[in-house]
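These are my notebook entries on a structure that I went through by topic. I began with charged pairs and then turned to surface patches, backbone angles and cysteines.

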Amino acid sequence: MTQLQFKDAFWCKEFTAHTGYETLLQRLLDGRKMCKDVEDLLKQRAQAEERYGKELVQIARKAGGQSEINTLKASFEILKQQIENVGNSHIQLAVMLKDELKSIEEFRERQKEQRKKYEIAMDRVQKSKLSLYKKTMESKKTYDQKCKDADEAEQAFERISSQGNQKQVEKSQNKAKQCKDAANEAERMYKQNVNQLEKARCDWEQEHQQTCEAFQLQEFDRLTILRNSLWVHCNQLSMQCVKDDEYYEDVRISLEGCSIEADIDFFIQHKMTGTERPEAILYENYYDRNPNGGSHSPNLYPACGMIKRFSGLLHGSPKNTTENVVPSAPPAGLMSAPLQKNDIVYADIMQTNLAPETLAQDYRVLYDYTAQNADELDITAGDILAVILEGEDGWWTVERNGQRGFVPGSYLEKL
């Protein structure tokens, strides 16, 4: 199929009309606007890529991860490095987009300069053509009028000549001759203007054809440049995706080599504090350790002469200190720290220091407690006990079903 040409399709039958040229000029102006639209797209995309790349670099550098160890730390470091690489590659993509943007701007300006030359030339020949056309049409009108006047003068001369008045004949003859000369002069001017107009028309047609060819070439170049630019833009984005995938593939490979067992072993080897467990804390009777101790009077209560360790977890204990520390089980859900040797204070509870036994009162058990010494009593939440003596150290003497023993006073509630 034969390629259509601008020079064959943008003429007008009306000699003074320039619709074809104006249509082509508008097309080139629309093409210039399209170039600017592509430039704006590339400019905004370049700004977005640069902003995104810089943010990725900043994220990678602030990611932290120094508290991790061994293989997972190495994988995380590779991830940070590759994120920074991705960010730098997006910044580089922004630079390439800016270069492409600059080339389109330069191309658009070159086309503008070329188009302006043809616009000036076309404006000149069009004005010349229109001016000569107007002058020619006026000279034609004058020529027609002079010819009409000459004909009328000739006809008047013939009428007067037939009448035989010599003076009128000479006068009419002179007028006819003047009109004839004027018509001849008008004819000469008319022919001259027609010749000039024809020359201007030829110049205009030649300039119009050259302009059409130049405009078609500019349109071809513009479409080619923009098509190639968009093609390159898509290739750049595709390559960026491939680069991003390559960077993140390195991270995946590193994670495949990340060993959970190795990281745990690494931590144990470098942070281990020892393999020997502490020895059990055994009960030590005060009197067994103090052979010089004197004899004591018989105890009124089973607790006399026993060693008591008071726990800080007991609720309502009047002494939350290291004195009279007694081992006790906390309420459900609570755990106490292991007792240290210096947390134990031994006290010889003598018969003379005990308060007299008071009238027993009924109490309800709030928490379970398992006896840890022979002089203590097992209790269960909900049991009803009779309190015989409320000890100042937080251990109360209670009786249940004929059995007596110590229980934590904070575990009881008065009925």
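Does Arg32 count as buried or exposed? I looked up its relative accessibility, which is 15%, and because buried means under 20%, Arg32 counts as buried. I keep in mind throughout that this is a predicted model.

Entry on salt bridges.
I noted that the structure holds 26 salt bridges, and I followed some of them by residue. Glu109 forms a salt bridge with Arg32, and the closest N and O atoms of that pair are 3.5 Å apart. I then checked where the two partners sit: Glu109 is in helix H2 and Arg32 is in helix H1, which covers residues 19-61, so the pair links distant parts of the chain, 77 residues apart. Glu109 also forms a salt bridge with Arg108, where the closest N and O atoms are 3.0 Å apart. When I compared accessibilities, I found Arg108 buried at 11%, whereas Glu109 is partly exposed at 33%. I wrote down the wider arrangement as well: Arg32, Glu39, Arg108 and Glu109 are linked in a network of salt bridges.

For another pair I went to the strands. Glu413 forms a salt bridge with Arg364, with the closest N and O atoms 3.5 Å apart. This pair, too, links distant parts of the chain, since Glu413 belongs to strand S5 (residues 412-414) and Arg364 to strand S1 (residues 361-365), 49 residues apart. I looked up both accessibilities and found Glu413 partly exposed at 35%, with Arg364 likewise partly exposed at 35%.

Entry on surface patches.
Which residues form a negative surface patch? I listed Asp151, Glu152, Glu154 and Glu158. Of these I followed Glu158, which is found in helix H2, a helix that covers residues 70-163. Its relative accessible area is 48%, so Glu158 is partly exposed, and because patch members need over 30% relative accessible area, that value is in keeping with its place in the patch.

I also noted a nonpolar surface patch of about 530 Å², made by Ile260, Ile264, Phe267, Ile268 and Met272. Ile260 is placed in helix H4, which covers residues 260-271, and with a relative accessible area of 60% Ile260 is exposed.

Entry on backbone angles.
I reminded myself that most residues other than glycine have a negative phi. Against that background I recorded Asn70, which is not a glycine and yet has a positive phi of about 55°. Asn70 lies in helix H2, and at 27% relative accessibility Asn70 counts as partly exposed. I made a similar note for Asn401, whose phi is positive at about 55° although it is not a glycine. Where is Asn401 placed? I found Asn401 in the loop between strand S3 (395-400) and strand S4 (403-408), and its relative accessible area of 75% makes Asn401 exposed.

Entry on cysteines.
How many disulfides does the count come to? The count comes to 0 disulfides, where a disulfide would need a pair of cysteine sulfur atoms within 2.5 Å. I still looked up the accessibility of two cysteines: Cys12 counts as partly exposed at 26%, whereas Cys241 counts as exposed at 53%.

Key. Residues are numbered from 1 along each chain as its sequence is written. This is a predicted model: local features need pLDDT of at least 70, side-chain atom pairs count only at pLDDT 80 or more; totals for chains, interfaces and linings use all residues. Side-chain values use heavy atoms; hydrogens and water are left out. Patches are made of residues with over 30% relative accessible area and no salt bridge: like charges are joined within 9 Å, nonpolar side chains (Val, Leu, Ile, Met, Phe, Trp, Tyr) within 5 Å. Accessible areas come from the Shrake-Rupley method with a 1.4 Å probe; for residues, only the protein chains shown count as cover. A salt bridge is a side-chain nitrogen of Lys or Arg within 4 Å of a carboxyl oxygen of Asp or Glu. Lys and Arg count as positive and Asp and Glu as negative; His and the chain ends are not counted. The place of a charge is taken as NZ of Lys, CZ of Arg, CG of Asp or CD of Glu. Helices (H or I, at least four residues) and strands (E, at least two) are DSSP runs, numbered from the N terminus. Buried means under 20% relative accessible area, exposed over 50%, partly exposed in between (1.4 Å probe, protein chains only).
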